[in-house]
Amino acid sequence: MKNILILAMSLASLCGYAQNTYTGKVVDANQEPLAGATIQSKTNSSKAVVSTINGSFSISLSEDPTVIVKFMGYTTVEQTLSATENTIILTENDELLEEVVVSASREKQLRREVPASISVITSGAIKETKAFGIDQLVNDVPGVFMASSKAAGNEQHTMAVRSPISTRSLFLYVEDGLPIRPTAVFNHNALLEMNDIAFKRVEVLKGPASSIYGSESIGGSFNFITKDPTPDFSGFLGFQINDMGLTRYDLEVAQYANEKTGFYLGTHYVQRKDGPIKHSDYEKFAITFKNVNHLSPSLDWTNSIHLIDYRSDMSGSFSESDFTDGNYESDQTFAERIAFAFRARTTLDKFWNSKNKTSFNFIFRNNKMDQIPSYRISQFRDSNTRQLTGDGSGEINSNSFNSYVGLIQHKMDFDFANSSLIVGASTDFSPQKYEAETIDVTVNAATGQNTGYTLNSGDYILNYKADILNYAGYFQYEINPTEALKVTAALRYDGFEYNYNNAVDGIAGPKDSKNHYNNLSPKVGINYNFNQNIGVYSNYSNGFTPPQTSTLYRNSFVGVGQEVFELKPSSYNNYEVGTYWSLNHKLRMDAALYMLDGKNTLVTLRNDNDEFYNANAGKTRSYGIEYGIKYTPFSQLSFSYNGSYAKHRYLVFYEGGVDYSNTDRETAPSLLGSTKITYKPKAVKNLVLNLTHQLVGKYNTSLEGQVDNGDGTFGTATYDGYNTFDVLASYKFRHFEVWLHALNIFDELYSVRASYNQYSRENSYSVGNPRAFHFGVNYNF
C-alpha cells in the first residue's frame, strides 16, 4: 500500500511539471516576419524565447499558456497560445519615443536614443497617403519641401531642407542605408531614379549626417527602406489615372518559398500624354527585385536589383505673362531628358553573438543621363529693342558612370553603461564620362517657341573622363552614464581623388588635372529622457560637400586648356536643440531649433548673357525652428501640422563687384507648412477621408537689390508663395481598394518654384497643377 501511494504521488508530481510545446510566428501588420521578438511566459518570467530570422518560435510551458510578446518599436501584446500553429501580430507603436529608426547609425535604435531631428513615414502612412509622387510623402515632414509640379514636373524636382529651394548637392538620397549615387555626380532629380512602389518606410534625418554617410548629407538625408518578402503569398495589381494625362500600372508580389528563402518583386509603368502643359509627356518603367536568404540562425544574405528606364519632355519654366495669363504652350518643343539607372546590391549580415554584428555590402551602379536641357537654351534678343531675333543656342549632353562600392560595418555592444561602438569603412570607385556639344536653335520670334535645332557636331563644350575615388573610415560610440542620459560621439574621415582626362585638348575644357579633397566630420550629441513620454536632445555636427565634377570642369571662369578653377568644398557646422513628447496616446509633438553655418557655400547664378555659372559664397547662415504636432482626440479622427519657420542669409558674399553680405538668400521661403485632417467614420468601415493644406510662404526670387528699376534705383524680385488644398477619399472592400484625389480644389494659380531671370529681367515660373482629379484602384492578392 505504501509503495502504491508513493507511485501515485510521483505520477501526480510528474503531471504537475509536464510541459506543452507551443509553436508559431511573430509578424507585423503586413504579415512580414519579426526576428528577435521576445516571447515570455506570463506566469514565469524566466521562461522566454526569441523569434528566429523568419519570425518563428517554439516555447515549452507547464501551466498557463499565456505569453507576453515584446519587440522594439511595437506595442507589447498578451496572447494565450493554442495547441495549433499560432500567429502573433504586432502593430507599430505610435508613441514617438518608442519609434524605431535605422538612419542615424544604419542599426536599429529607438527614437529617444537619437540626438537629432528625425522623422519617419511609416508603412501605414505610405499606404494611407496613396501618393503618386514622392513629394506627397516627404512634404509631410517638418521643414521639408520637395518642389515638383504635378502638371509638368514628371518627377523632376528641387528640394529645400534647412536651405533655399535648391538644385545643389545638399541632400543625400539613400536606399536601405547606402547612397544611390556617388559623391561628385549629384543629380537634384535623382529621386526619379527610384521605384516608389518598393518603399516600405521613409526616414528623414535633418541636419548634417556626414559623420555616418559622408558628403552631401547637409540639409537632410532621405533613407528609402525597401519592402521584404512576406511569409505567405501577398501583393496587388493596381491602376491609376487622372485628368492631367497620367496613367500608371502597378504590380507587386512577395512570398517566402520556404523558411529560409524569400522573394519580393515590385514594378510600375507610368506615362503622361497631352497634359495641361504642352511638351510635358513622359514615360517611366521601374522594377525592384529582392531576395532574402536566412543561411543560418546567425547569417543573412540579402540581394536586390533596381532598374529605372525614364524619358521626359522638358517644358521649362514660364515667363511672367504666360504664367499669369494661363498660356501653357511652353517655349520648348524638343528639350528632353532620358535616364537609365541600374543598381545591384548584395549584403551579408553576420551575428557573431548577441553583442556583435558585422555587415558586408557591395554595390554596383550603372547610370546614364542624356538630355537636351531646357535650362541651357538661350534665345537671342536685339540689344536695343530687346526683341527676339529668331536664333538661339543650347546643348546636347550625356553623363554616365559606373560605380563599384564596398562598405563594411561592425557593431559591438558592451555591458558597461549600456554602451556600444560602431566602426566602418567604405570605398567608392566611380569612373565617369561626360560629353556636351553645342546646338543652334531656331526660335519663332512671334510666339517665342524654340521650334528646332541643329547639332554642331564636334563643337564640344566639354568631353572628358574622370575617375572618382572616395574612401572613408568612421566610428560612432554611444554610452548611457545614467538610465535617462545618452551620449553619442562620432567621427568620419573622407578622402576624394578626381582624375580628370580631357578628351578634346585644345578644343574645349580645361587641361588634365588631379584634384584632391579631404574632410573630418565630427558629431557630438546627448539625449535626456525624463520619462517614457518626454525627452530632449542637443547636438553639434559637421557636414561638407566637395565640388561636383561637371561643375568643377565646366565653370565659365575656365578657359580652354587652362588650369581648373579650384572651387572650394563647402563645409557646414550645425548647432541644434530639440524635444519630443507624447501625452496619453492622443497628443505627440517634436520640435527642433537649429543654426546651420556654411562656408564656401556653392551657389548657381545667371549672368546677363543668360548663362549659368557657379561660385563660392563666402559665408551663409540658415536658422529656424521645425515642428510637428499630431492630435488624435479619438481613434476615428486625427489632426497633424508639420512646418518650419527659418531665415536663410548671406553673411559674406560678393558678386559682380556688388556686396550682398547680410542679405536674404533667393528662393528661400521662411514659412513652410503642411496640415492634414484624417477621418475614419465608424459608420462606414474601411473608409478614410483626408484634407491636406500645403503652405509655402513669400520669398525673394532675386538677390536683394539686384533688380534695376530703370530709374536709378534697385529693388528685389519676390514671389508671394501659395496655399493649396487637396482632398483624398479611399475605401477598401474585400480584395479591392479604390481612392480619389481631388488636387488644388480651389484651383489656385501657383508656382512650385519661381526664380528671377536677369536676362529677361522678370520672374520665371514652374507651374503647379490646376484643379485635378486622380483615381486609383488596387486588387490585393
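**View 1. Tyr-500 stands opposite Ser-513 of strand S29, in a region of this predicted model where S28 is paired with its neighbours S27 and S29.** Strand S28 (residues 485–502) pairs with strand S27 (residues 450–479) in the antiparallel sense over 16 bridges, and the pairing of S28 with S29 (residues 513–529) is likewise antiparallel, over 16 bridges. Between S27 and S28, which form a hairpin, there are 5 residues. Within this hairpin, Leu-469 has Glu-497 in S28 as its bridge partner.

**View 2. Asp-300 in strand S21 and its surroundings.** Asp-300 belongs to strand S21, which spans residues 299–313, and is buried, because its relative accessible area is 10% and the cut-off for burial is under 20%. Apart from neighbours within four places in sequence, the residues in contact with Asp-300 are Ile-53, Asn-293, His-294, Thr-347, Leu-348, Asp-349 and Phe-351. With one of these, His-294, the side chain of Asp-300 makes a side-chain polar contact at 3.2 Å. Leu-348 lies 48 residues away from Asp-300 along the chain, yet the C-alpha atoms of the two are separated by 5.7 Å.

**View 3. The aromatic pair of Phe-334 and Tyr-453.** The structure holds 32 aromatic pairs, among them the tilted pair of Phe-334 and Tyr-453, with 4.8 Å from centre to centre and 45° between the planes. Phe-334 lies in the loop between helix H5 (320–325) and strand S22 (336–353), whereas Tyr-453 lies in strand S27, so the pair ties together parts that are 119 residues apart in sequence. Phe-334 is buried, with a relative accessible area of 12%, while Tyr-453, at 36%, is partly exposed.

**View 4. A stacked pair within an aromatic cluster.** The ring centres of Phe-733 and Phe-736 are 5.8 Å apart and the planes stand at 25°, so this pair counts as stacked. Phe-733 is partly exposed, with a relative accessible area of 35%, and Phe-736 also counts as partly exposed, at 36%. Ring pairs link these two residues with Phe-233, Tyr-731, Tyr-779 and Phe-781 into a cluster.

**View 5. Charged side chains over aromatic rings.** Arg-162 lies over the face of Tyr-594, at a distance of 4.3 Å from the ring centre. Lys-350 lies over the face of Trp-352, at 5.4 Å from the ring centre.

**View 6. Confidence along the chain of the predicted model.** The pLDDT averages 90 over the chain, and 95% of the residues score at least 70. Over residues 11–16, by contrast, the pLDDT is below 50, and this stretch has 0 contacts in the model beyond near neighbours in sequence.

Note on methods: Residues are numbered from 1 along each chain as its sequence is written. This is a predicted model: local features need pLDDT of at least 70, side-chain atom pairs count only at pLDDT 80 or more; totals for chains, interfaces and linings use all residues. Side-chain values use heavy atoms; hydrogens and water are left out. pLDDT is the predictor's confidence in each residue, from 0 to 100. Contact means heavy atoms within 4.5 Å. Helices (H or I, at least four residues) and strands (E, at least two) are DSSP runs, numbered from the N terminus. Buried means under 20% relative accessible area, exposed over 50%, partly exposed in between (1.4 Å probe, protein chains only). A polar contact is a pair of N or O atoms within 3.5 Å; within protein, one must be able to donate a hydrogen and the other to accept it, and residues adjacent in sequence count only if both atoms are side-chain atoms. Two strands pair if DSSP finds at least two bridges between them. Rings of Phe, Tyr and Trp (its six-membered ring) pair if their centres lie within 6.5 Å; planes under 30 degrees apart count as stacked, over 60 as edge-to-face and the rest as tilted. A charge sits over a ring if NZ of Lys or CZ of Arg is within 6 Å of the ring centre and within 35 degrees of the ring normal.
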